[in-house]
Every structure is written in structure tokens, then in C-alpha cells.
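The following exercises concern a single molecular structure. Each consists of a task and a worked solution.

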Amino acid sequence: MRRTDPGGHGPVRFGPALPEDGLPVLPELSAALAAAASCAQAEPVGGGPALLDAACGHGDRRGLPAAPDRVAVAPGAPALLMALTAAVGGDVLVPRPCAAWWAPEARLLGRPAFHVPTPPESGGVPDPYALLETVRRVRAEGGDPRLLVLSVADDPTATVAPPELLHETVEAAVAEGLHLVSDETWRDTLHAPRETVLLSPAEMLPEHVTVVTDLAGALLPSGWPAAIGRFPAGADGGALHARVLDVLTALDARVAAPVSVAVAYALAEPEPVTARTAATVRLHARVAAAARDAVVAAGALARPPQAGRHLYVDLTPLAPALTAHGVGDAQELEDFLTGRLGMPAPGGHRFGDDLEAPRVRLSTAPLLGDTVERRAECLASPEPLELPHVRSALDHLRTVFDDLRDEAQR
């Protein structure tokens with residue numbers, strides 16, 4: 001990732017995309033899309049009946065029931081969050097760090113996005129006391145905080161917030177009159193689902209929470225954008241749903257008709273889809289754990305990844321070596337590590353973290369190989385970490401960080 005972008009926009013303002021799985025498209029999913037390729041009729045804004053029914057079934061199986069008139073499907077989560085931000089109004093609160101695409105939605109609407117610190121053990125959910133203090137300060141300065149965006153299974157930190165923290169934060173937010181948007185893109189990518197307790201804020205206070213799920217997290221290729229919004233029951237939820245549909249209509253933000261057929265197939269979760277999802281999660285969990293072992297052995301800091309296809313690395317202990325290489329902030333660290341590793345290493349500043357803090361998000365897909373065939377081999381192998389190209393990629397990662405450790409010690 002470079003300092004300048006050929007598209008003409010700043011690399012800090014518009015951050016990196018979701019971590020991709022890097023794998024070939026599931027054949028059954030491709031077949032569903034191909035079968036609908038000749039469909040010329042546009043899918044309605046918010047989704048047609050078949051798509052909404054599939055989305056409702058997907059939520060029901062996760063303990064998030066919603067009627068079709070409380071569900072909307074859009075071409076990606078950013079479109080949904082943009083519409084929600086416009087519909088709710090006021091200022092936006094987000095954790096620090098947070099997903100790179102959250103804050104730009106507010107900025108494009110001319111709304112401030114205030115970052116709230118997260119506790120040491122996990123990201124994605126603000127500390128409840130820090131949240132209350134931020135709300136108080138924003139209001140004292142004439143602001144109007146109305147919306148809190150959070151994520152239980154987090155990008156960029158790859159952690160899952162404990163239920164007790166989530167409960168305290170959600171109750172504090174609702175007591176201050178905030179509406180919550182719960183980004184649950186990564187909820188189906190838990191590395192150890194039997195050992196990790198994940199609760200949605202919508203299970204705690206369902207009348208105050210809208211759930212947004214980008215299907216690129218677990219079910220779809222990132223190039224087929226589709227996301228689900230589940231709105232609260234009751235009059236307030238109905239009015240919010242209607243306002244969001246108004247915004248999506250103004251943007252003509254609709255899922256392409258052939259993609260909608262593939263989306264409905266994926267949301268029904270037939271055996272090929274569930275088997276591929278489980279295999280993908282297992283693969284990326286193993287690679288993420290191995291990558292963390294490599295960076296921690298070199299003296300860097302990283303919480304154990306619990307979800308997703310990434311990990312968040314703090315290189316503060318290696319600061320002397322970084323300084324010797326002229327690395328003084330997260331942007332310079334991004335440039336340095338991207339060149340050394342030969343893979344994207346977006347700095348923490350892209351996720352709302354402090355520019356001065358030497359932190360990066362590393363994704364696991366680049367470690368699976370540089371061809372479709374090699375990545376498919378990873379998916380089929382019972383021991384993907386033993387494949388020569390994966391072992392080589394992890395060895396290179398380890399060498400880069402070990403060299404920094406050795407330089408720091410000297």
C-alpha cells in the first residue's frame with residue numbers, strides 16, 4: 001500500500017478493504033450466479049421477496065429473528081452504514097481502532113466521527129466509562145452524538161469482546177440515547193467456536209440495535225458485494241428501516257440481480273456452503289496462529305486472533321530498530337513492512353489508531369500462495385502449514401521480524 005493512490009484520494013482517509021479469503025469461488029456458488037446471468041430485471045432496492053426470506057432465515061438460525069419488513073439487503077456494508085448514518089443523524093461514535101470503512105461514511109456526510117478507546121483485552125467495543133466520558137465531552141462542546149458503531153468480532157484486532165464488557169457498553173450507550181449499529185461481518189469466522197462466547201448486542205437490547213453483516217466475511221467473494229441490515233422491531237425500527245430504504249433508493253444502491261440469486265443460495269446455507277465456510281475458517285485460523293507465533297517470538301505484541309483472517313501487531317518493543325530505518329510513525333511503518341514483507345501491511349492509523357503508534361494489520365490470505373492453484377491446495381490439505389509455499393511465506397515473515405528483533409537488541 002502506497003502513500004499516494006492512483007485513484008486520486010488520500011490513503012488515510014479511505015482505508016484498506018476487508019481481509020479477503022484469497023480462495024477460489026465455491027463452484028456451486030458460481031453455478032448459481034451463472035444460471036441467473038441472463039436475468040435483466042433489476043432487483044428491488046432493499047431486496048426482493050426471495051432474497052429477504054433467505055436473509056430472515058439466516059438471521060433466525062443465529063438467534064436474530066426479523067420480519068421481512070425489518071430487513072434490507074444492499075450492495076455491501078458501506079452502503080448500509082452510509083444510509084443508517086444519514087437516517088439517524090447526529091454525530092457518530094466508533095471504537096479506537098475500528099474497521100477502516102466506518103469513519104469515512106460519517107465524513108462523507110459531513111458528520112464528525114469520535115473515537116472511543118477500547119479496553120486492553122479486546123477491540124471492537126468501547127470501554128463503557130470512556131464511552132460515557134466521550135458522550136459528555138462531545139455534548140459539552142455542542143455536539144449531538146446519536147450513533148454508536150461497534151463490532152463484537154472485530155476488524156482490525158481479530159478479537160471477540162467478552163459478553164460482560166459488551167453488556168456494560170450497550171447499556172451505557174442506550175442510557176445516553178444512542179442507537180447502536182452492530183457490525184457482525186466476522187461472527188461466522190470464529191477460530192474456536194466451542195470455546196468462544198459471542199453475543200450480539202441485538203440479543204441484549206433488540207429495540208435499540210441494527211445489525212449489519214457484510215457477506216464477504218464468511219459467505220461471498222468480496223467482488224460480489226452484498227450485505228444484510230436487520231432493524232429493530234416496533235415503530236421506531238420500522239421508521240428507521242423506511243428512512244434507510246429512502247437513502248438506498250436515492251443512491252440506487254441495489255444488489256445486481258444475478259448476484260442476488262447467488263446471495264440467496266448462500267444465505268440458505270446448503271451443505272456445500274457450510275462445508276466451505278468451515279474449511280476456510282479452519283485454514284485461516286491455523287495460518288493466523290502461526291503468523292502470530294512468528295511475530296510474538298520476535299518480541300512484537302499481538303493478541304491471539306479469535307476471528308477473521310487477520311491479526312493486529314504492535315511493534316513498540318522493536319522501536320529502536322524501526323527508528324534506525326527511519327520509521328517514526330504508522331504510515332512509515334506501513335511503507336517499510338509492505339516493502340519488506342512483500343504483502344500489504346496497513347498501518348493502525350488507517351483504523352483510527354494513533355499515527356505515532358507502530359501498529360499494523362496483517363492479513364493471512366497473502367500467506368497462502370500467489371496463485372489460485374496454490375491457494376486451492378491449502379484448502380484441500382490436511383496440513384496446510386507444511387505445504388512448501390506456505391512454510392516459505394511464514395519463514396519469510398519470521399525472518400523479517402527476527403531481523404528487527406536482532407537490530408533492536410544490538
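**Exercise 1.** Determine which side chain forms a polar contact with that of Ser182, and characterise the surroundings of Ser182.

*Solution.* Step 1. The side chains of Ser182 and Glu184 are joined by a polar contact of 2.7 Å; such a contact is a pair of N or O atoms within 3.5 Å, where, within protein, one must be able to donate a hydrogen and the other to accept it, and residues adjacent in sequence count only if both atoms are side-chain atoms. The model is predicted: local features need pLDDT of at least 70, side-chain atom pairs count only at pLDDT 80 or more, and totals for chains, interfaces and linings use all residues. Residues are numbered from 1 along each chain as its sequence is written, and side-chain values use heavy atoms, with hydrogens and water left out.

Step 2. Ser182 belongs to strand E5 (residues 179-183); helices (H or I, at least four residues) and strands (E, at least two) are DSSP runs, numbered from the N terminus.

Step 3. With a relative accessible area of 0%, Ser182 is buried (under 20% relative accessible area, 1.4 Å probe, protein chains only).

Step 4. Neighbours within four places in sequence aside, the contacts of Ser182 (heavy atoms within 4.5 Å) include Leu150, Ser200 and Val211.

**Exercise 2.** Describe helix H3 and establish how many of its residues are buried.

*Solution.* Step 1. H3 comprises residues 77-88 and reaches 16 Å from its first C-alpha to its last, close to the expected 16 Å (1.5 Å times one less than its number of residues).

Step 2. Of its 12 residues, 10 are buried, so H3 is largely enclosed by the rest of the structure. Among them are Leu80, Leu81, Met82 and Val88.

Step 3. Gly89 follows H3 and has a positive phi, near 80 degrees.

**Exercise 3.** Identify the residues with the most contacts inside the largest nonpolar core, and the element that contributes its largest share.

*Solution.* Step 1. A nonpolar core is a set of buried Ala, Val, Leu, Ile, Met, Phe, Trp, Tyr and Cys residues joined through side-chain atoms within 4.5 Å. The largest has 60 residues, and those with the most contacts inside it are Trp102, Leu131, Leu148, Val149, Leu180, Val244 and Leu248.

Step 2. H3 supplies the largest share of this core, 8 residues.

Step 3. Beyond four places in sequence, Trp102 touches residues including Leu81, Val149 and Asp183.

Step 4. Another core, of 35 residues, lies apart from it; Val287 and Phe336 are among its members.

How values were computed:
Buried means under 20% relative accessible area, exposed over 50%, partly exposed in between (1.4 Å probe, protein chains only).
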